[in-house]
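Colleague: I should like to learn how to read a structural model step by step. May we work through one together?

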Amino acid sequence: MKLIKIILLVTCYIFSSALAGEIDASNEANLSESLKAGKLKAAQICSACHGLNGTAASGGNSPLVPNISGQNKDYLIVKLKEYKTNKIQHPQMSMIAQMLTDKDIEDVSNWYSSIKVEVFDPEKVLVINEID
Ligand code: HEC
């Protein structure tokens, strides 16, 4: 059974900003050194699963990969260190976190926490589920 979910957003403004999730890979003029380094690490390692913008849309396994954009920076640092020290064990993330230095962890956490997301009230968004 195929489930098609169509979300109709109330205004054109909301619709266009919802689509504006792409990160411009070439526009780095406004980034600090830490953000540039974090973006590079994210592009090299994390983006395969979490996306460069932190929304888990790639890799075919997105239901199991959390979105991390807009997440609190300290939370990201704590989680990555917990994977790195095996306080939390996960076949993919434990291995990946062990590849990261403390500076890498700081930089990627800076990158993903700096990506801002908008929150929409479900009561103001019309959702239509179409099942065939
Ligand atoms: C091979 C796919 C893959 C790659 C590459 C990957 N991750 Fe993950 N990540 C996951 C999965 C799957 C989880 C969920 C793990 C779990 O359930 O504990 C996760 C969890 C996380 C979490 C915890 C989120 C939370 O709310 O608990 C953080 C933070 C994170 N990843 C950051 C990163 C960063 C930063 C990189 C790059 C350095 C990265 N990941 C690379 C698959 C990946």
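Modeller: The dialogue below treats the overall fold, one helix, the nonpolar core and the surroundings of the ligand. Please bear in mind throughout that this is a predicted model.

Colleague: Let us begin with the chain as a whole. How many helices and strands are there in the protein chain?

Modeller: A reading of this kind begins with the elements and their order. The protein chain has five helices and two strands. Along the sequence they follow the pattern β-α-α-α-α-α-β. Of the 132 residues in the protein chain, 20% are buried. Among contacts with a separation of 6 or more, 63% join residues 24 or more positions apart.

Colleague: How should I read a single helix, and which residues of α3 are buried?

Modeller: The general idea rests on the helical repeat: an α-helix has 3.6 residues a turn, so residues three or four places apart point the same way. In the present case, the buried residues of α3 are L76, L80, Y83 and K84. They lie on the same side of α3, because they cover an arc of only 100 degrees around the axis. D74 and Y75, on the other side of α3, are exposed.

Colleague: What covers the buried residues of α3?

Modeller: The cover includes α4 and α5, the latter spanning 102–114. As to its length, α3 has 12 residues and reaches 16 Å from its first C-alpha to its last, close to the 16 Å expected at 1.5 Å a residue.

Colleague: Where is N86 found, and what is its phi?

Modeller: N86 is found in the loop between α3 and α4. Its phi is near 65 degrees, a positive value in a residue other than glycine. N86 counts as exposed because it has 11 other C-beta atoms within 10 Å, and the limit for an exposed residue is 12 or fewer.

Colleague: I now turn to the interior. Which residues have the most contacts inside the largest nonpolar core?

Modeller: The largest nonpolar core has 15 residues, and those with the most contacts inside it are A42, L80, V108 and Y112. The elements that give two or more residues to this core are α2, α3 and α5. Of these, α5 gives the most, with four residues. To follow one member, consider A42: leaving aside residues up to four places away in sequence, A42 touches S47, L52, V108, W111 and Y112.

Colleague: Finally, how many residues surround the ligand, and which element gives the largest share of the shell?

Modeller: One lists the surrounding residues, then asks where they come from and of what kind they are. Here 20 residues surround the ligand, the closest being C46, C49, K79, H90 and V108. The elements that give two or more residues to this shell are α2 (33–50), α3 (73–84) and α4 (93–98). The largest share, six residues, comes from α2. By kind, the shell divides into 15 nonpolar, three polar and two charged residues.

Colleague: Let us take C46 as an example. Is C46 buried or exposed?

Modeller: C46, which lies in helix α2, counts as buried because it has 20 C-beta neighbours inside 10 Å. The cut-off for a buried residue is 20 or more. Not counting residues up to four places away in sequence, C46 touches K41 and V108. C46 and V108 are 62 residues apart in sequence and 8.8 Å apart in space, C-alpha to C-alpha.

How values were computed:
Residues numbered from 1 in each chain as written. Predicted model: local features only at pLDDT ≥ 70, side-chain atom pairs only at ≥ 80, totals over all residues. Near = placed C-beta within 6 Å. Nonpolar A, V, L, I, M, F, W, Y, C, P; charged D, E, K, R; others polar. Contact = placed C-beta atoms within 7 Å. Expected span 1.5 Å × (residues − 1). Arc of directions from axis to C-beta. Core = buried A, V, L, I, M, F, W, Y, C linked by C-beta atoms within 7 Å.
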